[in-house]
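Thanks for making the time this morning. I would like to walk you through one model, starting with a helix and then turning to the packing and the surface.

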Amino acid sequence: MGVSTASFFFAVLALCCLAAVAVTVIAGVVQRVVPSPVLAALRRDVGDASVTLAALVAVVATLGSLYYSQVAGFTPCTLCWYQRIFMYSLAVVLPVAAVRRDRDVRWYALPLAVIGAGFSVYHSWIQAFPPDSGTSFCTAEAPCTTRHVWEFGFVSLPFMALCGFSFVIAMMVLARPAPQEVSVVESTDRELVSL
């Protein structure tokens, strides 16, 4: 597999992650405005799988970054390294949590993903709109504004990382237990106990 084929593949995966985030946000807003049992069940099901899905994305993103540096030979810049620190941490923590079925991983995975996304936003911005004066992160050996990948006219390596971090953030939000619906039997039992 050549670099152009891999770049297309990873760009499509990144856009799929972004689409999943958009669908998750839209479904959440719709559920708040017009509660639906179908959306509630879907939220519950995705919430049950959220840690595993986030782990899968973090591991694939990590393997992708290793492919670009070790196989394609791209030299990561300082901002790339910062993003890697957070994504690689997620690629270790999330699979362990998925195996243990630990939804409380959200308390330590969410900050990692948010900080990593912050670096990705900044890096995506300076690649899309390179500053004339450079940045304090750039070096001559590995400039932060170099576009090793530029698929579909906007998908760069930091944009792919941003999509991955955004997906992990969405899944960690869904990892919290869904609000419990009180059934008629439960409410009747509570009333009997209170008598």
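**Helix, core and surface**

Let me begin with α4, whose 23 residues should span 33 Å at 1.5 Å a residue, and whose end C-alpha atoms lie 31 Å apart, which agrees. Please keep in mind throughout that this is a predicted model.

Which residues of α4 are buried? They are Arg106, Ala109, Ala113, Gly116, Ala117, Ser120, His123, Ser124, Ile126 and Gln127, and the buried residues of this helix pack against α3 and α5.

That brings me to the nonpolar packing. The largest nonpolar core holds 40 residues, and those with the most contacts inside it are Leu90, Leu94, Met160, Phe165 and Met172. At least two residues of this core come from each of α1 (3-33), α2 (37-71), α3 (78-100), α4 (106-128) and α5 (157-174), with the largest share, 12 residues, supplied by α5. If we take Leu90 and leave aside its neighbours within four places in sequence, its contacts are Ala58, Pro95, Ala109, Leu112, Ala113, Phe165 and Val168. Apart from the largest core lies another one, of 5 residues, including Cys77, Ile126, Ala142 and Cys144.

In soluble globular proteins, nonpolar side chains tend to be buried together. On the surface of this model, however, Val25, Ile26, Val29, Val30, Val33 and Val34 form a nonpolar patch, with about 540 Å² of accessible area together.

Is Val33, which has its place in helix α1, buried or exposed? Its relative accessibility is 62%, and because the cut-off for exposed is over 50%, Val33 counts as exposed.

Conventions:
Residues are numbered from 1 along each chain as its sequence is written. This is a predicted model: local features need pLDDT of at least 70, side-chain atom pairs count only at pLDDT 80 or more; totals for chains, interfaces and linings use all residues. Side-chain values use heavy atoms; hydrogens and water are left out. A nonpolar core is a set of buried Ala, Val, Leu, Ile, Met, Phe, Trp, Tyr and Cys residues joined through side-chain atoms within 4.5 Å. Buried means under 20% relative accessible area, exposed over 50%, partly exposed in between (1.4 Å probe, protein chains only). Helices (H or I, at least four residues) and strands (E, at least two) are DSSP runs, numbered from the N terminus. Contact means heavy atoms within 4.5 Å. Patches are made of residues with over 30% relative accessible area and no salt bridge: like charges are joined within 9 Å, nonpolar side chains (Val, Leu, Ile, Met, Phe, Trp, Tyr) within 5 Å. Accessible areas come from the Shrake-Rupley method with a 1.4 Å probe; for residues, only the protein chains shown count as cover. A salt bridge is a side-chain nitrogen of Lys or Arg within 4 Å of a carboxyl oxygen of Asp or Glu. The expected span of a helix is 1.5 Å times one less than its number of residues.
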